[in-house]
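Biologist: I'm new to reading protein models, and I'd like a close look at one part of this one. Could you pick up a residue in the middle of things and walk me outward from there?

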Amino acid sequence: MCQLNILTVKGIPVLHSPMSKLGLHRNGSKIFLVQSVAKSINNVVDITNFILHEYGQPLHAFDADKLDNKKIRVTKLPAGTEFQALDNRTFKLSENDLVICDGNGNPLCIAGVYGGKDSGVTDSTVKCFLESAHFDAESVRKTSMRHNLRTDAAKVFEKGSDPNVTVAAIKKAAILMVEYAGAIVSSELVDVYPEKFNPRDHFKISESKRLHRGQYFRR
């Protein structure tokens with residue numbers, strides 16, 4: 001992992017409303033919402049799904065009141081540690097699986113792959129802990145394949161997500177939750193970025209010229 005952003009919002013009435021009722025009435029976004037998200041969960045999760053499709057950045061929303069010690073840790077747990085997923089399935093973690101845990105070391109989600117049942121957003125949620133992160137592509141791919149969890153988030157991370165879009169994505173999610181879900185931003189944005197990634201273009205002009213002349217293609 002090379003970046004983690006967190007932000008909390010409160011005062012959210014979690015509603016089971018379809019994406020079309022979010023009312024994004026600009027530039028056809030309302031139609032895009034309906035077409036891009038296959039299944040509506042609730043207004044909070046639907047917004048995070050919209051961000052996934054708009055920015056290519058997976059987000060995860062935790063119920064902040066369910067986090068022990070109000071802390072999270074990104075770590076690896078001993079092999080065989082049980083993790084109960086959102087769909088009630090139980091998985092035994094590998095010592096190589098990266099997980100997000102609460103302050104007591106209880107797994108909340110498999111990082112970049114799948115959320116946990118005990119920390120998910122429900123109808124009783126009033127305060128959300130938003131997480132936007134960049135995880136190592138190879139690590140996510142191996143974990144996803146190991147547990148046969150081929151989620152939308154895993155498919156994005158395993159191909160290599162852009163670590164420099166995480167902040168913009170979480171800010172946009174917060175804006176939408178304020179505007180369309182009645183939320184109040186209740187914390188500063190935390191940006192943990194130990195080693196900043198600077199994208200570079202290694203494609204040389206000389207290679208471009210050879211490509212244009214067809215030297216990279218067989219006749």
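**A walk outward from F62**

Modeller: Happy to, and keep in mind that this is a predicted model. Let's begin with the whole chain. Among contacts between residues at least 6 apart in sequence, 74% join residues at least 24 apart. The chain has 6 helices and 11 strands, and buried residues make up 44% of its 219 residues.

Now for our starting point, F62. You'll find F62 in strand β2, which covers residues 59-63. Is F62 buried or exposed? F62 has 0% relative accessibility, so it counts as buried; the cut-off for buried is under 20%.

Who sits around F62? If you skip its neighbours within four places in sequence, F62 is in contact with L67, I100, L108, C109, S119, V121, K127, C128, F129 and E131. Here's a nice example of how the chain comes back on itself: F62 and G120 are 58 residues apart in sequence, yet their C-alpha atoms are 5.3 Å apart in space.

F62 also belongs to something bigger, the largest nonpolar core, which has 28 residues. Which members touch the most others? They are F62, I72, I100, F129 and F135. Two of these names, I100 and F129, also turn up in the list of contacts of F62. As for where the core's residues come from, β1 (3-10), β6 (98-102), β7 (107-110), β9 and α4 (152-157) each give two or more. The most come from β6, with 4 residues. There is a second, separate core too, with 21 residues, including V14, V121, L130 and L176. V121 is worth a second glance, as F62 is in contact with V121 while V121 is in that separate core.

Let's follow strand β9 for a moment. Strand β9 runs over residues 127-134, and H134 lies in it. H134 is at 12% relative accessibility, so it counts as buried. Its side chain has a partner: it makes a polar contact with the side chain of S161, at 2.7 Å.

Back to the contacts of F62, because two of them lead us to a pocket: L108 and S119 are both in contact with F62, and both are named with N106, P107 and D118 as the residues closest to the centre of the second largest pocket. That pocket has a volume of about 160 Å³, and 13 residues line it. Elements giving two or more residues to the lining are β4 (82-84) and β7, and the largest share, 3 residues, comes from β4. What is the lining made of, by class? It has 3 nonpolar, 4 polar and 6 charged residues.

Take N106 from that group. N106 sits in the loop between β6 and β7. With a relative accessible area of 36%, N106 is partly exposed. Not counting residues up to four places away in sequence, N106 touches D68, I100 and C101. I100 is also in contact with F62, which brings us back to where we started. N106 and I72 are 34 residues apart in sequence, with 9.4 Å between their C-alpha atoms.

From I72, step over to the loop between β2 and β3 (72-76), where K70 has its place. Phi of K70 is near 55 degrees, a positive value in a residue other than glycine. K70 is at 54% relative accessibility, so it counts as exposed; the cut-off for exposed is over 50%. Another residue to look at for its backbone is N148, in the loop between α3 (137-146) and α4. N148 isn't a glycine either, and its phi is positive, at about 55 degrees. At 61% relative accessibility, N148 counts as exposed.

One last stop, in a helix this time. V45 is found in α2, residues 43-55, and is partly exposed, with a relative accessible area of 22%. V45 and H60 are 15 residues apart along the chain, and their C-alpha atoms are separated by 8.1 Å.

Key
Residues are numbered from 1 along each chain as its sequence is written. This is a predicted model: local features need pLDDT of at least 70, side-chain atom pairs count only at pLDDT 80 or more; totals for chains, interfaces and linings use all residues. Side-chain values use heavy atoms; hydrogens and water are left out. Buried means under 20% relative accessible area, exposed over 50%, partly exposed in between (1.4 Å probe, protein chains only). A polar contact is a pair of N or O atoms within 3.5 Å; within protein, one must be able to donate a hydrogen and the other to accept it, and residues adjacent in sequence count only if both atoms are side-chain atoms. A nonpolar core is a set of buried Ala, Val, Leu, Ile, Met, Phe, Trp, Tyr and Cys residues joined through side-chain atoms within 4.5 Å. Contact means heavy atoms within 4.5 Å. On a 1 Å grid over the protein atoms alone, a cavity is a set of points where a 1.4 Å probe fits but cannot get out, and a pocket is an open set with protein on both sides within 12 Å along at least five of seven lines; lining residues have an atom within 4 Å of a point. Grid points are joined across faces, edges and corners, and a volume is the space filled by probe spheres set on the points. Ala, Val, Leu, Ile, Met, Phe, Trp, Tyr, Cys and Pro count as nonpolar, Asp, Glu, Lys and Arg as charged, and the others, Gly among them, as polar.
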